[in-house]
Amino acid sequence: MPGAVATGHSHRPTTKTSHKAFKSRKATKGALRDAAKGKVSSEKGVRKTPHQQVMSKLDRRNQAKQRQLEKHREHQREASLFAGKDGAPRNVAVIPLCGGCDAVAAIKSLNESVDLEVDVPESVFRVPVDRFKQKLQYLPLKRDLTACLDAARVADFVVLVLSAEEEVDEFGELILRSIEGQGLSTVFTVVQGLNNIEPAKQRLSVVSSLKSYITHFHPEQEKVYSLDNRQECANLMRSLCSATPKGIRWRDERSWMLVEEVKFADSESESTILTGVVRGKGLKADRLVQVGDFGAFQIEKITAAPLQVARKKKGDEMTMDDAPAEEVLETPTEDRDDLADLAPEEVVMDDADMEPEAPKKGVLLDDHHYFSEEELEAYTAPKKLPKGTSKYQSAWFLDDDVSDSGSDLQDYDMQDAEETPAGPEDGVEGLKGYAATEGGAGPSEYAKSEMFIEPDQDEDAMQLEAYRKKKRDEARDDLEFPDEIELHPNVLARERLAKYRGLKSLRTSPWLEDEDRAHQPEDYPRLLQIPDYQASRIRAAREALVGGVAPGTRVHVHIKGLPATFRESYSPNVPLTLVSLLRHEQKRTVVNFLINLSSDTPKSIKAKEELIMQCGPRRFVINPLFSQGGNTPNDVHKYCRYLHPGQSAVASFMGPVTWGAVPALFFKRTVHDPESTEEEEVSQLPLTLVGTGTALPPSTSRVIAKRAILTGHPYHIHKTLVTVRYMFFNREDVEWFKALPLWTKRGRSGYIKEPLGTHGYFKVTFDGRINPQDSVGVSLYKRVWPRESKPLEGALLDRDFVPVAQEEAEDDGDAEDVEMA
């Protein structure tokens, strides 16, 4: 039998072994130093031994425990304000959002759930809740916008009352959005009349719909309490008596008080006494106080006002403790704030020997008047001269003595034109770079002997009208130039735009403020100057942390100088608030507010249009200037003529200082024409909440620059040399604005080379070829000054309107129901 066939066989190699991976922890010192790349590790936090590792873990536990204890102590400090028999009451504002809701009935339902049988007046009143050892101070409100805003401002808890049978109307939504915009503390939502829904199985869907509606405004709302359910009312009362209110930051940085009682002065020499419990920070007699919408006043003194305690003697007789003698808690010192809102007026002596200012012969560009050093030469028609001819020799050449072959001739005036550095519309952004033409086109390659034919005046006017009419149609579709203006041919641009100047860059070019002194408001130099806003704000806030009457103390505040309208318009059914102002908050300056215009606003708001603004405890009637936000190196910001729906801007006006980021509300009065046939009117209310905002740092050096854009049409294009018309209409205007840089909407920049003729035509040299459909523009800027604000007199919305709104809501109750979510 033959043997097996030999096949190839090899053993596993024994000389190739795989080594273990390199361990970085066993690296040399040099390798570790190279891997660190120069970084030096700090010894703090490095665990070297198991003992140090265990100690570090204990340290972390200790730190966590300390943070927990500190948080607990802070919670106890906040809760101690309401603890004890002399503790402050918890302010509860009950706000009805629907026409059929009743705040007094809602308070009765809450009190009955904890077995409290007390009369419920329509004014502010206090109720002790013995079950939870707390005191509640109710603010029953009607559907009054001003009263709801004032009550929500000083409330620890806000109870929103909804109806199970009707939806929230437009006026109720205005109240809801307004109190939300000014800042809210803890919010609860209740529903009234749920048992009236039949069949009973639909009640859950109604509650679900109401919860969906309220969570659209307040997502933290987890439950809608039914006032017809005793157990849910008891749960709500437990929350009102045990929960710690969230608070409002801007309010808690100041001292504030809900006025419980007012004692009017019998004569001008006596003081009006306002009684209430101090909340927030300590109340100081040196600081001014804002009383409702009546203005800021000085405090004469602060005295104690403890409540009289009823004691039970032998038998069933109840006796009241004798009223203690008046105890003065705080009196003003030498550091007392005055009521002056402007700095003292300085006496300025006019120097009769002062030399008159030399007349300017050109527009101001950045910080220099161009063409003002030499006299403006009289216009002479350009001559055709041989090369090398000087200005003196040209006087000896007559027009008929010169050869017209064109080989040795050039346009003399074009040769002497000065070049001005090109600048963009409002910065270098959006402009293209220099684009060289074929063969490196330069000024020497232009057609030197090209003849300019003066157009007929009537024909030129007809072409101008047709050109501008075409532009108006295009502006409706695409707003390329929102600041564009059109000059009448008979108007001189140098007179119409005398206050305007040019800027090479809106963000970085210097703004010469000396040119604006003659146009500034009379009281502008007397406004408060704040060099360092952040340091001033911190200093004013820290002053409020120390001293004053302690929070939780019931006091009498004696105030002098309240106007006669205060006594006439005061009503116990409307809450009255007292807020202490921080230092300097009564002084006027140029204040800035960020305004966010609601996208639901049907129309744009024009600058300087009258608005009503509420910021903190004060309300003003303002005519604001709108400008672009952001920080620029030269502190120059472009003025906005309109604020469109959904946009944001900075609103500026002259008013008192407000320290900190305090929320602001912007209202606008609307007048409806009964004969109007427009179907786009959304709101039928006489007042509309158009936007919300926040206070920004005030500044008198912030320049608001109004931009005017003059545009022209490229009449003739030869490479980068363009003849432009319809921007100016006489030769003197071209000479006056000759220094300004020009630009096109497609990103090219250029400069005026020379004027042509007497109708305002001129040649422009651009940094590249332009499109025949392009427009040539020049930007001019003028500083606009903010206007003065005045305090609001009376209520935001006339109280006579509220019953009308309720009647309309009742009339609409029979209409089809609309889904609330």
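This presentation describes the overall make-up of a predicted single-chain model, then its nonpolar cores, and finally one pair of packed helices.

Good morning, colleagues. I shall begin with the chain as a whole. Its secondary structure amounts to 16 helices and 37 strands. Of the 821 residues in the chain, 44% are buried. If we consider contacts with a separation of 6 or more, 77% of them come from residues 24 or more positions apart. The exposed surface of the chain is about 46600 Å², and 49% of that area is supplied by carbon and sulfur atoms.

Let me turn to the interior. The largest nonpolar core comprises 76 residues. Within this core, the residues with the most contacts are V94, I95, Y138, L160 and F667. I95 merits a closer look: leaving aside residues up to four places away in sequence, I95 touches L141, C148, V158, V159, L160, V161, I175 and I179. Another core, of 28 residues, lies apart from the largest one; among its members are L625, Y639, V662 and A664.

My last topic is helix packing. Helix α3 covers residues 103–113 and helix α7 covers residues 230–242. Their axes are 8 Å apart, and the packing angle is about 90 degrees. The two helices, α3 and α7, are therefore roughly perpendicular to each other. Which residues meet here? On the α3 side they are S109, L110, N111, E112 and S113, and on the α7 side R230, C233, A234, L236 and M237. By character, the residues of this contact between α3 and α7 divide into five nonpolar, three polar and two charged.

Thank you for your attention.

Note on methods:
Residues are numbered from 1 along each chain as its sequence is written. This is a predicted model: local features need pLDDT of at least 70, side-chain atom pairs count only at pLDDT 80 or more; totals for chains, interfaces and linings use all residues. Side-chain values use heavy atoms; hydrogens and water are left out. Helices (H or I, at least four residues) and strands (E, at least two) are DSSP runs, numbered from the N terminus. Buried means under 20% relative accessible area, exposed over 50%, partly exposed in between (1.4 Å probe, protein chains only). Contact means heavy atoms within 4.5 Å. Accessible areas come from the Shrake-Rupley method with a 1.4 Å probe; for residues, only the protein chains shown count as cover. A nonpolar core is a set of buried Ala, Val, Leu, Ile, Met, Phe, Trp, Tyr and Cys residues joined through side-chain atoms within 4.5 Å. Axes are lines fitted to C-alpha atoms, for helices over the stretch in contact, and angles run from 0 to 180 degrees between N-to-C directions. Angles under 35 degrees count as roughly parallel, over 145 as roughly antiparallel, 65 to 115 as roughly perpendicular and the rest as oblique. Ala, Val, Leu, Ile, Met, Phe, Trp, Tyr, Cys and Pro count as nonpolar, Asp, Glu, Lys and Arg as charged, and the others, Gly among them, as polar.
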